[in-house]
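These are my notes on the model, set out as numbered points. Please read them with the sequence and the coordinates open beside you.

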Amino acid sequence: MLTSGALALTLLLLVLSLLLGLVRVLKGSSLEDRLLSVLLLGSGGVGILLLLSLSMQLTALIDVALVLALLAAVTAAALTRRGSEHG
Amino acid sequence: MSGLFTWLPDLLLAAMLVGLGWATVSSTDLRRSVALFIAFGLLLSIAWARLRAPDLALAEAALGAGLSGALLLAALRDEPPAGAVPEGLPRWLRTLVDLLAASLALALAWVLWETLSEPAPARLGEAALSALERSGVSNPVTAVLLNYRAYDTLLELVVVLTAVLGVVTLGRERPGYRRAGPVLYSLVRWLVPLLILAAGYLLWIGAQAPGGAFQAGATLAAASVMLRLSGIDSAGLPNGLAGRLVLRVTLSAGVGLFLLVGLGVMGTGRGFLHYPPAWSGGLILLIETAATLAIAAALALAFRGGRPAGWEADDPDHSPRERRP
Amino acid sequence: MAELLALLLICAGLGFYLAGAIGLLRFPDLYTRLHALTKADNLGLGLLVAGVALLHGSMLLALKLLLVWLLVLAGSAASAHLIAQHALRRSREP
Amino acid sequence: MSLTLLYALTGTALFLLGLRATLLHAGLLARVVALNVSGAGVFLILVAIAYREAGQPVDPIPQALVLTGLVVAVSATALALALHRRLIKEQAHE
């Protein structure tokens with residue numbers, strides 16, 4: 001009982017920290033700031049998925065976290081790479 | 001009190017989804033809009049997890065947050081440097097669209113409220129779940145996709161194939177990317193093998209747990225995208241005369257094998273795609289493997305934005321500047 | 001007992017996440033924000049993973065969770081570098 | 001109010017936001033992005049309807065439908081982007 005209540009609270013706080021990151025995305029003045037927030041949403045998302053895997057008793061969500069972590073790195077590369085036509 | 005605790009995260013998530021969606025579509029800066037769309041995909045993946053749809057959460061993590069973002073970012077390169085902003089709609093038309101959207105919103109919200117406040121009636125889903133034992137797999141979503149509604153999935157693979165044929169017909173691929181520096185190179189060296197491994201794992205696990213051909217195909221395509229982004233122009237796709245043939249066979253393998261299996265079981269006196277129960281597990285894995293490779297090849301080609309060099313022997317678009325008038 | 005320890009670990013991890021998010025919001029420039037964020041990623045998620053692994057109580061899942069953590073660790077390090085490089089390049093060539 | 005209703009209404013809002021922006025935006029890429037947001041809204045409604053409280057199995061049919069839809073959406077986006085690229089090229093030649 002204590003565990004499930006505490007998990008609900010931690011989940012709430014983690015979503016809240018994600019919301020803070022989102023504020024930066026929306027306020028973000030430069031492309032790099034938005035990149036940072038996408039990264040934060042990625043790692044925060046992994047955290048939320050892991051907590052949900054406990055509270056919803058759905059261990060498959062760990063696989064989702066794994067794929068999210070892998071693709072976050074691809075996204076970071078896609079956001080920062082420039083085409084060869086720029087010289 | 002405990003009710004509020006369990007409710008608040010969902011409320012926050014829903015509010016964040018709407019806020020991000022709003023910001024994505026209302027931004028006038030395309031780069032910002034695409035970055036926001038990627039963040040939107042990440043959140044959506046959490047929403048699928050929350051709605052007990054781990055199959056979708058997997059697909060969204062690979063497709064929505066990963067590949068769509070990469071596709072859109074690559075397309076930003078096509079925009080002319082200082083493109084003239086096309087003229088918007090006249091004011092009265094904008095007001096009309098706003099009014100239409102608002103009334104549609106009210107109508108839809110009312111319909112959902114009316115239908116969803118009542119307890120859920122018996123749906124097709126129960127029939128699907130009760131027949132699960134005879135489907136050859138134990139993941140209900142995979143059973144629906146590759147057994148009960150295999151027709152839909154076959155046609156969906158046709159859609160993917162048609163779309164990628166459109167992409168390669170419309171033009172040549174974009175120029176590649178700059179050579180990777182040491183940091184990106186070391187990232188590629190561990191990330192690409194892991195993506196390929198993860199694709200294999202998702203394909204295999206799809207029979208009994210969340211996963212399957214779509215998630216695996218998207219993850220495999222991400223490996224190719226990563227190679228391309230790091231300046232390796234071939235991006236792991238086969239090259240040369242023989243390579244072109246291999247690529248074409250791979251692209252059509254999903255549809256082809258699906259059809260072959262469907263027709264094959266007809267030879268044993270059953271209906272089209274009515275697998276014999278004893279064989280269905282193996283046949284589904286066979287079809288899913290081919291579909292994974294086909295989807296991965298299609299998405300990898302889509303990321304390039306057109307046909308690779310040497311796709312056809314005499315390419316009419318080879319040098320657009322020397323085209324005859 | 002193990003459950004209490006797990007909850008403590010998760011809460012500690014959460015603290016780092018919140019600190020990272022606040023840093024992202026409050027720090028003056030990109031490079032300090034980058035620093036705040038990578039700290040949050042690495043430590044926060046590490047503690048959270050340890051707690052979640054304890055509560056799941058399965059060796060196989062624990063290994064998978066460890067893999068998730070290592071992936072985020074390596075991914076965020078490389079991404080932070082890419083972002084800093086991108087920012088530097090843009091400030092040099094307008 | 002149930003979880004189903006909350007997410008279905010969220011989906012409705014996203015569908016209409018996307019639809020409105022698709023109609024109003026002049027830029028083609030902006031329209032493609034807006035259409036994707038709109039599609040996500042439809043998916044959200046479908047999956048919300050499939051949701052069941054813990055203890056009951058969720059309805060797998062809408063989920064399979066949406067999984068197909070996700071892949072089709074990405075393919076359609078790829079085709080739209082290729083058309084856009086061709087259009088830019090043709091305009092440059094004029």
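1. Among the elements of chain A in this predicted model, helix 1 (residues 2–27) of chain A has the lowest mean pLDDT, at 84, and helix 3 (residues 60–80) of chain A has the highest, at 92. Here pLDDT is the predictor's confidence in each residue, from 0 to 100, and the helices are DSSP runs (H or I, at least four residues), numbered from the N terminus. For chain A the mean pLDDT is 84, with 92% of its residues reaching 70 or more. Where pLDDT is low, the predicted coordinates should not be read in detail.

2. On conventions, residues are numbered from 1 along each chain as its sequence is written, while chains are lettered from A and ligands numbered from 1 in the order in which they are written. Because this is a predicted model, local features need pLDDT of at least 70 and side-chain atom pairs count only at pLDDT 80 or more, whereas totals for chains, interfaces and linings use all residues; side-chain values use heavy atoms, with hydrogens and water left out.

3. Four pairs of chains are in contact (heavy atoms within 4.5 Å), and of these chains B and D share the most contacts. Chain A and chain D do not touch, their nearest C-alpha atoms being 8 Å apart, and chain C and chain D likewise do not touch, with 18 Å between their nearest C-alpha atoms.

4. The interface of chains D and B brings 72 residues of chain D into contact with 82 residues of chain B. The area buried between the two chains, meaning the accessible area (1.4 Å probe) lost on putting them together, summed over both, is about 6,800 Å², and carbon and sulfur atoms give 77% of it. On the chain D side, Y7(D), L67(D) and R85(D) lose the most area to chain B, together 10% of what that side buries.

5. F37(B), in helix 2 (residues 30–50) of chain B, has contacts in both of these chains. Leaving aside neighbours within four places in sequence, F37(B) is in contact with T24(B), G64(B), S68(B) and L72(B), and also with V33(D), N36(D) and V37(D). F37(B) is buried, with a relative accessible area of 7% (buried means under 20%, exposed over 50%, partly exposed in between, with a 1.4 Å probe and protein chains only). The C-alpha atoms of F37(B) and A65(B), 28 residues apart along the chain, are separated by 8.0 Å.

6. Over all chains the structure holds three aromatic pairs; rings of Phe, Tyr and Trp (its six-membered ring) pair if their centres lie within 6.5 Å, and planes under 30 degrees apart count as stacked, over 60 as edge-to-face and the rest as tilted. One of them, Y151(B) with F272(B), is edge-to-face, at 5.6 Å centre to centre and 65° between the planes. This pair links distant parts of the chain, 121 residues apart, with Y151(B) in helix 7 (residues 150–170) of chain B and F272(B) in the loop between helix 10 (240–267) and helix 11 (280–304) of chain B. Y151(B) is partly exposed at 49% relative accessible area, whereas F272(B), at 17%, counts as buried.

7. Another pair, Y177(B) with F303(B), is stacked, at 6.3 Å centre to centre and 5° between the planes. Here Y177(B) lies in the loop between helix 7 and helix 8 (182–205) of chain B and F303(B) in helix 11 of chain B, 126 residues apart. Both count as buried, Y177(B) at 8% relative accessibility and F303(B) at 4%. The charged end of R77(B) sits over the ring of Y177(B), 4.4 Å from its centre (the criterion is NZ of Lys or CZ of Arg within 6 Å of the ring centre and within 35 degrees of the ring normal).

8. Two residues other than glycine deserve a check of their backbone. Phi of Q57(A) is near 50°, a positive value, and that of A235(B) is near 55°, also positive. Q57(A), in the loop between helix 2 (31–55) and helix 3 of chain A, is exposed at 70% relative accessibility, whereas A235(B), in the loop between helix 9 (213–229) and helix 10 of chain B, is buried at 2%.

9. In helix 2 of chain A, S53(A) is buried, with a relative accessible area of 0%. Outside its neighbours within four places in sequence, S53(A) is in contact with L58(A), L61(A) and I62(A), as well as V52(C) and H56(C).

Terms used. Helix = DSSP H or I, 4+ residues; strand = E, 2+ residues; numbered from the N terminus.
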